[in-house]
Each structure stands twice: as structure tokens, then as C-alpha cells.
Amino acid sequence: MDRAPGISVRLKLTLSYAGFLMVAGALLLAVVWAFLLRYVPAEAIATIGGFVPGRDDLIRAFAPAVAWALLFLLVLGLAGGWFLAGRMLAPLRRITRATRRAASGSLSHRIEMEGRDDEFRELADSFDAMLAQLEAHVDEQRRFAANASHELRTPLAITQTLLDVARDDPQRDTAALIEGLQTVNTRAIDLIEALLMLSRADQQSFARESVDLSLLAEQAAETLLPLAEQRGISLEVSGEVAVALGSPALLLQLTTNLVHNAIVHNLRADGTVQVTTLSRTGEAVLVVENTGEPLDPTLVSTLTEPFRRGGDRIRTDRSGVGLGLAIVKSIVRAHGGSLALAPREGGGLRVVVTLPAAS
């Protein structure tokens with residue numbers, strides 16, 4: 001925004017300091033006049049030892065000294081005020097330089113202002129924290145864009161390969177080609193829908209209402225029961241009524257993603273998935289646990305990153321599009337809740353979602 005040039009804050013403070021000294025000096029002289037000079041006779045009085053000066057004599061002798069004193073206060077106020085204002089505004093100049101560097105794209109710079117806590121250092125620390133969050137968010141968005149481009153490119157490349165093979169081999173089985181194209185197209189559609197769901201959760205563009213997590217858990221379990229039976233997984237839902245405040249559609253997606261993830265990342269046979277709901281003071285809790293291979297805690301801490309899969313990044317028939325837990329994290333964050341992932345003793349994963357309860 002273009003603004004007309006104005007007086008600097010340092011000059012304003014300097015003038016304020018000088019003005020304060022001048023006013024204080026004038027008030028002091030006024031006190032001297034009011035309480036001393038008014039009791040002195042206007043004319044000089046002759047005495048045996050000489051004479052007592054009158055008020056007029058004192059004023060004529062005092063006036064030049066007063067003028068010089070006020071001039072000295074003015075100079076002292078301007079010089080001292082300029083120095084003190086510069087010292088006081090030095091932290092603000094550092095913050096301004098850091099702001100300009102951040103505006104130019106340098107988010108890695110930090111002010112790191114030393115000294116004891118005061119208003120300027122509190123502002124600098126808040127600005128450093130904001131820069132750290134912005135840098136992390138920008139890095140996350142860059143990684144997400146790169147991964148999304150890669151993931152979206154893969155089905156297109158596979159489609160192009162299938163079409164090239166079909167063109168070079170006219171005798172190729174058309175049914176197999178159609179089935180392959182349908183599989184790749186379905187995966188691309190799932191990926192795009194997941195990206196749209198993730199964007200919707202990040203924007204927090206949804207209405208909030210009371211949602212019973214226990215009902216959502218039962219609905220998700222009923223939907224995914226055929227998949228669990230196909231893989232030989234035992235799916236159990238228990239707990240109490242836990243009413244959260246949020247979007248029914250998003251919270252259903254959250255629950256479905258967690259249950260689906262617990263099913264597909266499980267033992268190859270005789271695995272279990274346990275879904276539990278709890279109600280605490282001011283909180284509604286959803287817990288999803290599953291059996292599986294032992295997990296490294298370092299790996300678990302990265303599972304909510306977009307396009308991060310449990311078995312490294314190798315696609316198998318169990319792999320999704322790599323956005324399931326990332327969508328869960330975004331939905332939880334959009335609802336003002338918390339998400340905790342921890343490896344289970346003996347193998348598997350325990351996911352705890354805590355949401356604000358509906359009043």
C-alpha cells in the first residue's frame with residue numbers, strides 16, 4: 001500500500017521527550033513564581049545594612065538565567081530524546097528487517113532477540129514462532145504438491161503404456177485392456193476424491209452439529225465388514241455414546257479411514273481390529289487398535305504425512321492412495337481436536353482421536 005511520507009516514530013518520541021522537559025521546566029518556574037516571588041515586595045526596601053531587592057529586581061536578574069535554562073533543557077531533551085528513542089526502537093528495527101526478509105521469501109531467518117522479557121521481545125518471539133510455522137507449512141505444501149504430481153502422473157503413465165501396447169499389438173485381448181484401464185482409472189478417481197476431501201478439511205468449510213461417534217463407528221464397521229471378512233480380520237466395535245461437535249460427513253470419513261487403515265495394515269490372517277468410543281468431560285474420544293507387524297516409533301510419527309504408507313512406499317494390494325491418515329489429521333485439526341498414534345506392544349497400531357464434545 002502506498003502511503004504519504006510522514007514523521008518518523010523516532011522524531012516523534014524525541015519531540016515528545018523535549019516537550020516534556022520544557023513543560024516540566026516551565027511548571028517548576030511557575031511554582032517558584034507562585035510560592036516565592038509573589039511574597040517579595042515589588043520595590044526594593046532600604047535597610048541599615050543596605051537594601052533588600054524587590055520583585056522587579058529579582059525578575060530582571062532571574063529572566064536571563066531562566067531563558068538559558070529553558071534553552072539547555074530544549075537541547076538536552078532533543079539530544080537525549082533522539083538517543084533514547086533510537087535505543088528503544090532498535091528491537092523494532094530488527095523486527096522490521098526480519099519482516100521484509102520474510103516478505104521476500106526468506107522464511108528461515110529468525111530474530112532470536114536476546115535480553116529479558118518485555119513487549120518487544122515478546123513480539124519478536126511471537127514473530128519467530130509464526131515464521132517457524134509458516135516455514136513448516138510451506139515445506140509441507142511443497143512436499144504435498146510434489147507427491148501429488150507424482151501420484152497423479154503414475155495412473156496417466158500407466159494408461160498411456162496400456163494404450164501404446166494396444167496400438168502396437170492389435171491382436172491384444174480387448175477385455176484385459178479394458179479391465180486394466182478401469183483399474184487405473186478407479187485409482188485415479190480415488191486419489192482425486194481424497195485430494196478434494198483433504199482440501200475441504202483444510203479449509204474448514206463445513207457446518208458443525210452434534211455427532212455421535214459410536215454410531216459412526218458402527219456405520220463404518222458395517223460398511224467395511226465384507227473387506228474384513230475377506231481378509232480374515234475380526235472387527236469389533238464397543239464403547240459408549242460419545243457426542244462430538246463437528247461435521248457428520250467429515251467425521252464419518254475420519255472413522256472410515258481409520259477402520260479401513262486398521263484392516264488393510266494388519267496380519268495376513270487371524271488379525272483383529274478394535275474400535276472403541278469414550279466420553280470424557282468436554283471430550284469425545286475414538287480409539288482404533290489393530291494387530292500387525294511391530295512398528296518403529298519413528299515410522300509411526302510420519303504416517304500422517306501425505307502419501308506416506310506403512311510399508312515404506314511400495315505399492316501392494318493393501319495400499320491405498322497414501323492420504324488416509326493425512327485426511328484424518330486434517331479433519332481432526334479442523335475440528336480443534338488432537339490425534340495420537342502409537343505402536344502397540346506386540347505389533348500393530350493404536351490411534352486415539354480426541355474431539356471437543358457437544359455441549
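Aspartate 270 lies in the loop between helix H6 (248–264) and strand E6 (271–280), where helices (H or I, at least four residues) and strands (E, at least two) are DSSP runs numbered from the N terminus. Its phi is near 60°, a positive value in a residue other than glycine, and at 70% relative accessibility aspartate 270 counts as exposed; buried means under 20% relative accessible area, exposed over 50%, and partly exposed in between (1.4 Å probe, protein chains only).

The model is predicted, so that local features need pLDDT of at least 70 and side-chain atom pairs count only at pLDDT 80 or more, while totals for chains, interfaces and linings use all residues. Residues are numbered from 1 along each chain as its sequence is written, and side-chain values use heavy atoms, with hydrogens and water left out.

Glutamate 112, in the loop between helix H2 (55–103) and H3, is another residue other than glycine with a positive phi, here near 50°, and glutamate 112 is exposed, with a relative accessible area of 60%.

Strand E9 (residues 349–356) is mostly covered, as 6 of its 8 residues are buried. Strand E7 (residues 283–290) runs antiparallel to E9 and is joined to it by 8 bridges, with valine 287 standing opposite valine 352 in E9; two strands pair if DSSP finds at least two bridges between them. Strand E8 (residues 338–343) also pairs with E9 in the antiparallel sense, over 6 bridges, and proline 343 has leucine 349 in E9 as its bridge partner. The hairpin of E8 and E9 has 5 residues between the strands, and in this hairpin glycine 346 takes a positive phi near 100°.

A search of the whole structure finds 8 salt bridges, each being a side-chain nitrogen of Lys or Arg within 4 Å of a carboxyl oxygen of Asp or Glu. The table gives some of them.

| Salt bridge | Closest N to O |
|---|---|
| Arginine 94 and glutamate 114 | 3.3 Å |
| Arginine 167 and aspartate 164 | 3.5 Å |
| Arginine 167 and aspartate 168 | 3.8 Å |

The pair of arginine 94, in helix H2, and glutamate 114, in the loop between H2 and H3, links distant parts of the chain, 20 residues apart. Arginine 94 is partly exposed at 26% relative accessibility, whereas glutamate 114 is exposed, with a relative accessible area of 52%.

Arginine 167 and aspartate 164 both lie in helix H3, 3 residues apart, about one turn of the helix, and Asp164, Arg167 and Asp168 are linked in a network of salt bridges. Within this network, arginine 167 is exposed at 60%, aspartate 164 is partly exposed at 25%, and aspartate 168 is exposed at 61% relative accessibility.
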